[in-house]
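Subject: Structure handover

Hello,

Here is the structure we discussed. Please open it alongside this email.

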Amino acid sequence: MVGRLVIIGGGMAAGRLLEALADAGSDWKVTLINAEPRGTYNRIMLSPVLAGEKSYPEIVTHDDAWYRARGVACHFGARVTGIDRAAQTVTLASGTAIGYDRLVIATGAMPLIPPMPGADLEGVIAYRDLEDTERMMGLGAGTRAVVIGGGLLGLEAAAGMASRGVSVTVVHRNSHLLDRQLDPAAAGLLQRDLEARGIRVLTSAMTQEIRGEAGQARALVLEDGTELPCDLLVMAAGIRPNIALAEAAGLECARGILVDAQMRSSDPAILAIGECIEFDGQTFGLVAPVFDHALVAADTLLGRRTAYAIKEVSAKLKVTGCDLFSAGDFADLPGRHEIVLNDPLRRRYRRLVIENDRIIGIVLYGDTADGTWFFNMMRDGTEIAPLRDTLIFGPAYQPEQAA
Ligand SMILES: Cc1cc2nc3c(=O)[nH]c(=O)nc-3n(C[C@H](O)[C@H](O)[C@H](O)COP(=O)(O)OP(=O)(O)OC[C@H]3O[C@@H](n4cnc5c(N)ncnc54)[C@H](O)[C@@H]3O)c2cc1C
């Protein structure tokens with residue numbers, strides 16, 4: 001008998017899994033169920049779509065023909081509402097039940113909506129999918145938007161809308177933008193670059209309520225009484241793994257669905273991958289690890305034993321003209337020191353955090369061309385003592401063998 005494989009969620013993890021199974025010529029008879037009314041697209045490219053640099057068709061990675069050619073049965077615009085582990089079925093909102101021999105949960109993450117009066121008003125959105133992107137694209141020039149959250153997602157939303165002539169204010173609760181990636185000096189350069197595009201940035205700003213009129217959000221009110229009028233309010237305050245289905249089915253969960261190194265949940269018939277999982281105490285929010293989960297899950301489904309291991313990842317801000325590269329650990333702890341290059345006139349900033357003669361943190365702003373070189377040294381644990389004097393200038397300034 002050919003096994004029935006059901007995948008819940010048609011996002012980036014599921015897309016990579018399907019590719020790996022197809023490449024291996026697997027015999028699984030696959031059913032893909034996605035709540036979004038479409039198959040996989042490159043979600044990270046929604047920001048270039050918002051900024052008008054790409055169109056949606058250009059970021060589709062798996063179209064109907066792709067699924068057809070590989071015999072994948074698709075249910076798009078269909079939400080799974082329950083998993084019956086004893087009967088090995090999933091139930092769709094329509095009531096249809098679909099049987100499985102193996103199930104993969106790839107439900108991604110949910111935007112965090114900070115509890116606040118008015119958060120349920122019309123005109124309050126998250127930034128997660130094509131529909132959210134289209135809402136922002138639909139704002140006309142001269143309209144006003146407020147973005148809550150000065151992280152990567154919030155800034156990409158803000159820059160995209162600003163490039164369309166929307167008057168945008170970013171409200172960030174911490175003292176500097178991108179505080180998980182940047183130190184205050186680099187964040188200051190970024191803030192000035194964003195302000196030069198007409199984006200207003202308020203840091204150390206605590207939100208109080210969203211004021212509405214006839215059910216529509218009209219203004220964000222801060223704790224100090226500042227009122228920020230808006231036509232659209234975008235919440236970009238973080239994400240949390242989407243585990244509701246798994247929890248209801250009695251799978252072991254902590255912050256995410258707990259999986260082992262083969263991506264198996266506490267039920268051997270059910271695997272989980274992507275932003276919905278937790279492995280070794282960690283949850284995930286970038287696409288590189290999510291793809292690794294998918295490849296390991298494919299091996300498990302193919303009867304190969306591969307073990308997942310967490311790798312270093314780097315982050316970039318996808319705002320044209322604001323080049324930023326960040327990776328590693330920036331916590332200020334004893335035994336660590338920094339090498340910094342700060343050239344505000346050339347809008348160039350580099351900071352390396354060093355521990356035990358190894359790079360453990362990297363921030364580059366302005367000129368990020370050497371990011372991969374530093375990142376590889378960090379990943380490989382390269383000893384930097386012989387390069388220390390010129391390290392910060394990058395590979396072009398190193399003896400040939402080191403560069
Ligand atoms: C605007 C934006 C920009 C980003 N930029 C970057 C970047 O530059 N670099 C980077 O590394 N990462 C970036 N990310 C993060 C990256 O997109 C995610 O890490 C990745 O998409 C996670 O893949 P996933 O498959 O786990 O979840 P998703 O891609 O979110 O897919 C989950 C899918 O499951 C579906 N689903 C959920 N519940 C159900 C259900 N009950 N039934 C059926 N279907 C369900 C959802 O509708 C969704 O389609 C960005 C994210 C966004 C939103």
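Below are notes on the ligand site, the annotated domain and the salt bridges.

Please bear in mind that this is a predicted model.

Ligand site

The ligand is surrounded by 30 residues, and those that come nearest are Glu36, Arg128, Glu275, Val287 and Lys318. Sorted by class, this shell has 15 nonpolar residues, nine polar ones and six charged ones. Helix 1 (12-23), strand 2 (29-34) and helix 8 (287-301) each give the shell at least two residues. In terms of domains, at least three shell residues come from domain 1 (4-110 + 239-301), and at least three from domain 2 (124-235).

Some polar backbone atoms lie close enough to list by distance:

- Ala35: a polar backbone atom is 2.9 Å from a nitrogen atom of the ligand.
- Met12: a polar backbone atom is 3.2 Å from an oxygen atom of the ligand.
- Ala106: a backbone N or O atom is 3.5 Å from an oxygen atom of the ligand.

The ligand taken alone exposes 990 Å², and the protein buries 91% of that.

Annotated domain

An unreviewed UniProt entry carries the annotation "domain: FAD/NAD(P)-binding" for residues 4-283. In the model, that span is 21% helix and 29% strand, and its end C-alpha atoms are 28 Å apart.

Salt bridges

Side chains of opposite charge can pair when their charged atoms come close. The structure holds 27 salt bridges. One of them joins Glu338 to Arg351, with 2.5 Å between the closest N and O atoms. Glu338 sits in strand 23 (residues 336-343) and Arg351 in strand 24 (residues 348-355), so described as a link between distant parts of the chain, 13 residues apart.

Regards

Definitions and conventions:
Residues are numbered from 1 along each chain as its sequence is written. This is a predicted model: local features need pLDDT of at least 70, side-chain atom pairs count only at pLDDT 80 or more; totals for chains, interfaces and linings use all residues. Side-chain values use heavy atoms; hydrogens and water are left out. A residue is near a molecule or strand if one of its heavy atoms lies within 4 Å of it. A polar contact is a pair of N or O atoms within 3.5 Å; within protein, one must be able to donate a hydrogen and the other to accept it, and residues adjacent in sequence count only if both atoms are side-chain atoms. Accessible areas come from the Shrake-Rupley method with a 1.4 Å probe; for residues, only the protein chains shown count as cover. Helices (H or I, at least four residues) and strands (E, at least two) are DSSP runs, numbered from the N terminus. Ala, Val, Leu, Ile, Met, Phe, Trp, Tyr, Cys and Pro count as nonpolar, Asp, Glu, Lys and Arg as charged, and the others, Gly among them, as polar. Domain bounds come from an automatic or database domain assignment. UniProt positions are given in the numbering used here, feature names are shortened, and annotations may be inferred rather than shown by experiment. A salt bridge is a side-chain nitrogen of Lys or Arg within 4 Å of a carboxyl oxygen of Asp or Glu.
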